[in-house]
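Got the sequence and the 3D view open? Let's take a walk through them together.

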There are 2 protein chains.
Amino acid sequence: MQNYELKGKNKYWSLYKKLRGDILEGRLKKGERLPSKRALAESLNVSVITVQSAYDQLLAEGYIFSRERSGYFVSDVNVEFHGGREYQPVQRPPEKKYALDFVRGTASSLFPFSVWAKLMRAVLADCGEHLLESVPCDGDLELKNAVAGYLYRARGIDADPRYIVIGAGAEYLYGVIVQLLGRDKIFAVENPGYGKISKTYMLNGAKCVYVPVTDGGADCEAAERSGADVLHLSPSHQFPTGAVTPASSRARLIAWANAGGRYVVEDDYDSEFRLSGKPLQSMFSLCPDRVIYMNTFSKSLAPSMRMGYMVLPPALYERYLQLFSHSANVVPLFEQKTLAKMLDGGYFERHINRLKNHYRTVRQAVLDKASELGCTVKDTGSGLHLLVSFEGASDGFIKEQAEKRGINVRCLSDYVLSPMDGAEGWAVINYTGVSPEAVSEIKV
Amino acid sequence: MQNYELKGKNKYWSLYKKLRGDILEGRLKKGERLPSKRALAESLNVSVITVQSAYDQLLAEGYIFSRERSGYFVSDVNVEFHGGREYQPVQRPPEKKYALDFVRGTASSLFPFSVWAKLMRAVLADCGEHLLESVPCDGDLELKNAVAGYLYRARGIDADPRYIVIGAGAEYLYGVIVQLLGRDKIFAVENPGYGKISKTYMLNGAKCVYVPVTDGGADCEAAERSGADVLHLSPSHQFPTGAVTPASSRARLIAWANAGGRYVVEDDYDSEFRLSGKPLQSMFSLCPDRVIYMNTFSKSLAPSMRMGYMVLPPALYERYLQLFSHSANVVPLFEQKTLAKMLDGGYFERHINRLKNHYRTVRQAVLDKASELGCTVKDTGSGLHLLVSFEGASDGFIKEQAEKRGINVRCLSDYVLSPMDGAEGWAVINYTGVSPEAVSEIKV
C-alpha cells in the first residue's frame with residue numbers, strides 16, 4: 001500500500017479504488033488486517049480523514065469489516081472482476097432512403113407544430129406542479145373526457161369516458177388486453193394482416209389463430225370454427241386488404257361473441273381517414289359489452305407520439321382496475337394534457353381535415369398513375385392505402401421494377417400470416433409518406 | 001318512411017340514422033326492397049342527392065345491397081342494438097390528504113421547471129420535424145449516450161451505450177424483462193419488498209419465489225436454494241428494510257448466477273440519494289454479463305415522467321433486438337430529447353444535488369424527532385426512507401397513533417410478501433413528501 005500514488009483532488013476516492021482493486025484481485029486476502037488509519041495516512045502522506053473516508057466507503061460496501069479495538073479486516077470477497085471497459089458513444093447506421101416510399105412515412109410537414117408548441121406552453125403554465133403527480137392507471141381524466149367528446153363528435157360513438165383507458169400506443173394496449181383477458185385465451189387475427197398484431201399477442205404469451213379476410217371482410221364462418229376467445233379485427237378498413245366488414249357480418253360476429261362470452265377487439269387504426277362520406281359505424285356502438293374499441297394517434301399526429309386509447313366494456317374495466325390500480329399510467333402527463341387541449345380546442349379535427357385534403361390529392365395522383373399504367377385498383381375510399389395489380393405481374397417482378405426506380409413497396413403476400421390463395425400480384429400502396437408530384441413523376 | 005322527420009342541416013345523416021335504426025330494430029326486414037331514390041326524395045320533400053348519400057353510407061356499411069336495375073334491398077342484419085347511451089364527463093373522487101404523508105409524495109416544489117421548459121423549447125427548435133419520427137425500440141440514441149455518460153460520471157458505471165434500453169418506467173421494464181428471459185423462468189424477489197415488483201412479474205406470466213432480506217442484505221443461501229433463474233434485488237439500499245447487500249454476498253450471488261446461466265436484476269431505484277459519501281459500487285460493474293442494471297427517473301424527476309432505462313448484458317441485448325426491433329419505443333421522443341439535454345448539460349446532477357441537500361435536512365428532522373420520541377432507528381445513510389420502532393409498540397398501535405395525528409404511515413409488515421419473523425413493530429418512514437418543519441411539529 002505504501003506505493004499507492006494518490007493523484008487529483010479526490011484522494012479518498014483514489015485510495016478507495018486502489019484498496020477495492022487489491023481486494024477484488026486477491027492482493028489483499030480474506031481476513032487480512034488493514035493498517036490503522038493513522039499509520040496508512042502517514043505512509044501515504046495524506047490526512048487521516050482521507051483514509052477514514054476511503055475505509056468508510058469500503059465498510060459501507062462490505063469489502064472490509066471492523067472489529068472493535070482491533071481495527072479493519074478484509075471481507076470474504078471472491079469475484080471474477082470485469083471492470084473498466086472502454087466505450088465510445090455509438091452512432092446508428094442511417095436508414096435506407098428511397099426516392100418514393102410506399103411502406104412507411106408520414107406527412108410530417110403538415111404537423112401543426114406551432115399549435116402543439118403553444119398548447120405545451122399553456123399546459124406548463126396552467127398545470128404547474130400538478131404535472132409532477134403520478135397519473136392513475138387508466139390515464140388523465142381530462143384526456144379521457146376529451147377522447148370521449150372526440151369519439152362522439154367525429155365517430156358517432158357514445159363512449160362513457162369512465163371506461164376509456166389511455167396507453168402508450170397500439171402494441172402497448174395489445175399487451176394490456178392479453179393481461180386483461182388472460183394469456184390462456186386464443187386470439188384470432190385477420191389474415192393477411194399487420195404482423196405486429198399477432199406478434200405482440202404472442203410475445204405476451206397468448207396463442208394466435210388466423211381468420212381469412214376476403215373482399216367481403218372477415219370470414220365469419222372461419223371465426224366461428226376457429227376456437228378463438230377473442231377476435232381482433234379492423235372492420236372499417238382492414239390492413240392491408242382494405243376490406244370493409246359489412247353490417248351482416250358484424251352482427252353475426254357480435255352474436256358469436258355474445259353467445260360464448262367472447263370479445264371483439266375493434267382496431268379502428270385509420271378510421272379518421274375515410275376520404276369520402278362519414279366514418280363507418282363502429283362495431284362498438286352495436287355492442288359495447290362485447291367490443292373493445294381501440295385507436296391511436298400514431299397515424300393522425302406522429303408515430304413518435306406513443307398515445308392510444310381503448311374503450312373497455314364495463315365488466316372488463318372493473319377487472320382492469322383490479323389488475324392495474326397499483327400502477328401509474330405510462331404516458332407522460334405533459335403529453336396527455338397537451339393532447340386533451342388539442343382535442344377540446346378543435347385543433348385536432350382541423351388538423352385531420354387538412355391531412356384529409358392532402359391525402360385526397362395524393363390518392364388522386366396514385367389513382368391517375370395507376371390508370372395511366374393500366375393497373376387494376378382495389379380501393380374502398382377509406383384509409384391511407386390501396387391495392388394495385390399490374391396485369392399478370394408476379395410479386396417478384398413488381399418489386400424488381402420498383403427497386404429499379406428507387407421505390408419501396410410491399411406486396412399483399414408480405415402480409416400473409418398463414419398460407420392462403422390469391423395473395424399474389426398485388427402491391428400495397430401506402431401513400432402517407434409521398435407527395436402527389438413524386439407519384440406523378442413515376443416513369444414506366 | 002313517409003313519416004320520417006328530417007331536421008337540421010345534415011338531412012342525409014338524419015335519414016341514414018333513421019333507416020339504420022329501422023333495419024337494426026327489424027322494422028325493415030331482410031330482403032325488403034327500399035323505395036327508389038326519386039320516390040323517397042319526393043315523399044320526404046328532400047333532394048335526390050340527400051337520399052343518394054344516405055343510401056351510399058348504408059351501402060358502404062353493408063346495411064343494404066343493390067341489384068342492378070332492380071334497386072336497393074335490406075341486408076341480413078340481426079343484432080341486439082345497444083346504441084344511444086347517455087354519459088356525463090366523469091370526476092375522480094379526491095385522494096385522501098394527510099397532514100403528513102410518510103408513504104408517498106415528492107419534493108415537487110424543487111423540480112426545475114424553468115430549466116425543463118427551456119430545454120423543451122430548445123428541443124422543439126432544434127429537432128423540428130425529426131420529433132415526429134418513430135423511435136427505435138431501444139430508445140433515442142442521444143438519450144442512450146447521455147445515460148451512459150451520466151452513469152459513468154455519477155455512478156462509476158462503464159456501460160456501453162449500445163446496450164442501454166429506454167423504457168416507460170420500472171413496471172414497463174419489468175414486463176420487458178419477462179418477455180426477454182421467458183415467462184417459464186422463476187423470478188426471485190426480496191422479502192419484505194416492494195409488492196409491485198412481484199405483482200408485475202406475475203401479471204406478465206412469470207412465477208415468483210421469495211428470498212428473505214435481513215440486516216445483512218439478501219440471504220444468499222436462500223437464493224441458492226430457491227430454484228430461481230432470475231434474482232431481482234436492490235443491493236445498494238433495499239426497500240423497505242434499507243439493507244445493503246455486502247460485497248461478499250454480491251460476489252457469491254454473481255458466482256451463483258454465473259454458474260447456472262442465471263441473471264441478476266439490479267434495481268438501483270434510489271442510488272442517487274446516498275446522502276453521505278459516494279454511491280455504492282454496482283453489481284453490474286462486477287459482472288456486466290450476468291447483471292441487468294436498471295433505474296428510473298421517477299424518484300429523481302417526477303413520478304409522472306415515466307422514463308427508465310436498463311443496461312443489458314450483450315447477449316440479452318441481441319435477443320432484445322430479435323424480439324422488439326419491429327416495435328417503436330413507447331417513450332415520446334420529445335421527452336427523451338429533453339431528458340438527454342438535461343443530463344448532458346449537467347442540469348440533472350445539479351437538480352439531484354439540490355434534492356440531496358433538501359432531503360438531508362428532512363432526514364435530520366426525522367432523526368431528531370425519533371430521538372426526541374425515544375425511537376430506535378434503522379438507517380444506512382442512503383436513500384429516502386428509514387425504519388423507526390417505538391419500544392414495544394405493535395403495528396396496530398403505531399398506525400392508530402399516526403391516524404390520530406393525521407399521519408399516513410406503513411409498517412414493515414405491510415411489505416411482507418411471504419410469511420417471516422421479526423417484521424412487527426417497525427414503521428417505514430419515507431420522507432420524500434414531507435417538510436422538515438412539519439416533521440418537527442409532530443406532537444407526542
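A handy word to start with is "buried": it means a residue has under 20% relative accessible area, while exposed means over 50% and partly exposed is in between (1.4 Å probe, protein chains only). This is a predicted model, where local features need pLDDT of at least 70 and side-chain atom pairs count only at pLDDT 80 or more, while totals for chains, interfaces and linings use all residues. Residues are numbered from 1 along each chain as its sequence is written, chains are lettered from A and ligands numbered from 1 in the order in which they are written, and side-chain values use heavy atoms, with hydrogens and water left out.

Let's begin with a helix in chain A. Helices (H or I, at least four residues) and strands (E, at least two) are DSSP runs, numbered from the N terminus. How many of the 12 residues of α6(A) are buried? The count is 11, so to speak of α6(A) as mostly covered is fair. Among those buried residues are Ala170(A), Glu171(A), Leu173(A) and Tyr174(A). You can check the helix's length too: the expected span is 1.5 Å times one less than the number of residues. For α6(A), residues 170-181, that gives 16 Å, and the end C-alpha atoms are 16 Å apart, which agrees. Right after α6(A) comes Gly182(A), with a positive phi near 105°.

Now hop over to chain B and find Arg155(B), which sits in helix α5 (residues 141-155). Is Arg155(B) buried or exposed? With a relative accessible area of 8%, Arg155(B) is buried. Its side chain makes a polar contact (a pair of N or O atoms within 3.5 Å; within protein, one must be able to donate a hydrogen and the other to accept it, and residues adjacent in sequence count only if both atoms are side-chain atoms). The partner is the side chain of Asp268(B), at 2.6 Å. The backbone oxygen of Leu280(B) also lies 2.4 Å from a polar atom of the Arg155(B) side chain. Contact more broadly means heavy atoms within 4.5 Å. Leaving out residues up to four places away in sequence, Arg155(B) touches several others, including Tyr150(B), Ser236(B) and Tyr293(B).

Next, look at where the two chains meet. Chain A brings 103 residues to the contact, and chain B brings 103. Buried area is the accessible area (1.4 Å probe) that two parts lose on being put together, summed over both. Between chain A and chain B that comes to about 8300 Å², with carbon and sulfur atoms giving 59%. On chain A's side, the largest share, six residues, comes from helix α5 (residues 141-155) of chain A. There are 18 residue pairs in polar contact between the chains (both at pLDDT 80 or more).

What about salt bridges? A salt bridge is a side-chain nitrogen of Lys or Arg within 4 Å of a carboxyl oxygen of Asp or Glu. Across the interface of chain A and chain B there are zero, yet the whole structure has 34 over all chains. One of them joins Glu403(A) to Lys96(A), with the closest N and O atoms 3.4 Å apart. That pair links distant parts of the chain, 307 residues apart. Glu403(A) is partly exposed at 48% relative accessibility, whereas Lys96(A) is exposed at 56%.
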